[in-house]
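This report looks at a helix, the loop that comes after it, and the aromatic contacts made around them. The sequence and the structure come before the discussion.

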Amino acid sequence: EPPHLMSEEQTYHSIAMWAARFAITALPAFVAIEQPTAAHANASLISSAGCVGAVRMKLYENQLPTFLIQPTHMKKAFTGNARAQKPEIIKECKERFGKNIFVHLTKDQREARADAIGVAVTAFLDHWALPGKERPR
């Protein structure tokens, strides 16, 4: 069914099933998810939280570690500034991973990719980059 015709629950289920297929085929060491925050307290917060919950449950069923990362924690860990704006996060991505990481992307796509990279790097640093912790496979 096309996404615009699905109920919210059907959408969550569809996304959660995609997450389960991802866990089985890609075999990541973990999944990091940006935690929905009350900074945007409205219906979209409730929708985002519901979707995150459905995805986490599917990943849990597939025994895949999942970490929720607060946006301000990501900003502080990734850029050194807990109040960093999108351009600062994008700049940090380019410095760490090369300027070509955002080639042919729209502004919204660049911002989404930068956030995703920041969340993933933060989760890695939080959970595996300390002495004595096992590294992901």
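## A helix, a loop and two aromatic pairs

In this predicted model, helix α1 buries Tyr12, Ala16, Ala19, Ala20 and Ala23. These residues lie on the same side of α1, because the arc that they cover around the axis is only 100°. Trp18 and Thr25, on the other side of α1, are exposed. The helix itself comprises residues 8-26, 19 residues in total, and spans 26 Å from its first C-alpha to its last, close to the 27 Å expected at 1.5 Å a residue. Leucine 27 follows α1 and has a positive phi, near 50°.

The wider setting is a protein chain with 5 helices and 2 strands, whose elements are arranged from the N terminus on as α-β-α-β-α-α-α. The chain has 137 residues, of which 29% count as buried, and it exposes about 9,000 Å², with carbon and sulfur atoms supplying 57% of that area. Where contacts join residues at least 6 apart in sequence, 61% of them are between residues at least 24 apart.

Which aromatic rings pair, and how are their planes set? The structure holds 2 aromatic pairs. Tryptophan 18 and phenylalanine 22 form a stacked pair, since their ring centres are 5.4 Å apart and their planes meet at 10°. These two residues are 4 residues apart in helix α1, so about one helical turn separates them. Phenylalanine 22 has a relative accessible area of 30% and is therefore partly exposed. The aromatic pair of phenylalanine 30 and phenylalanine 67 is tilted, with 5.6 Å from centre to centre and 55° between the planes. This pair links distant parts of the chain, as phenylalanine 30 is in the loop between α1 and β1 whereas phenylalanine 67 is in strand β2 (residues 66-69), 37 residues apart.

The two pairs are set out below.

| Pair | Centre to centre | Angle between planes | Class |
|---|---|---|---|
| Tryptophan 18 and phenylalanine 22 | 5.4 Å | 10° | stacked |
| Phenylalanine 30 and phenylalanine 67 | 5.6 Å | 55° | tilted |

Both partners of the tilted pair fall under the 20% cut-off for burial: phenylalanine 30 counts as buried because its relative accessibility is 15%, and phenylalanine 67 is buried with a relative accessible area of 16%. Leaving aside residues up to four places away in sequence, phenylalanine 30 touches Leu64, Pro65, Phe67, Ala120, Ala123, Phe124 and Trp128. Between phenylalanine 30 and leucine 59, which are 29 residues apart in sequence, the C-alpha to C-alpha distance is 9.4 Å.

Methods:
Residues numbered from 1 in each chain as written. Predicted model: local features only at pLDDT ≥ 70, side-chain atom pairs only at ≥ 80, totals over all residues. Heavy atoms only, no water. Expected span 1.5 Å × (residues − 1). Buried < 20%, exposed > 50% of the residue type's maximum accessible area, 1.4 Å probe, protein only. Arc of directions from axis to C-beta. Contact = heavy atoms within 4.5 Å. Areas by Shrake-Rupley, 256 points an atom, 1.4 Å probe, with all protein chains shown as cover. Phe/Tyr/Trp six-rings, centres within 6.5 Å; stacked < 30°, edge-to-face > 60°.
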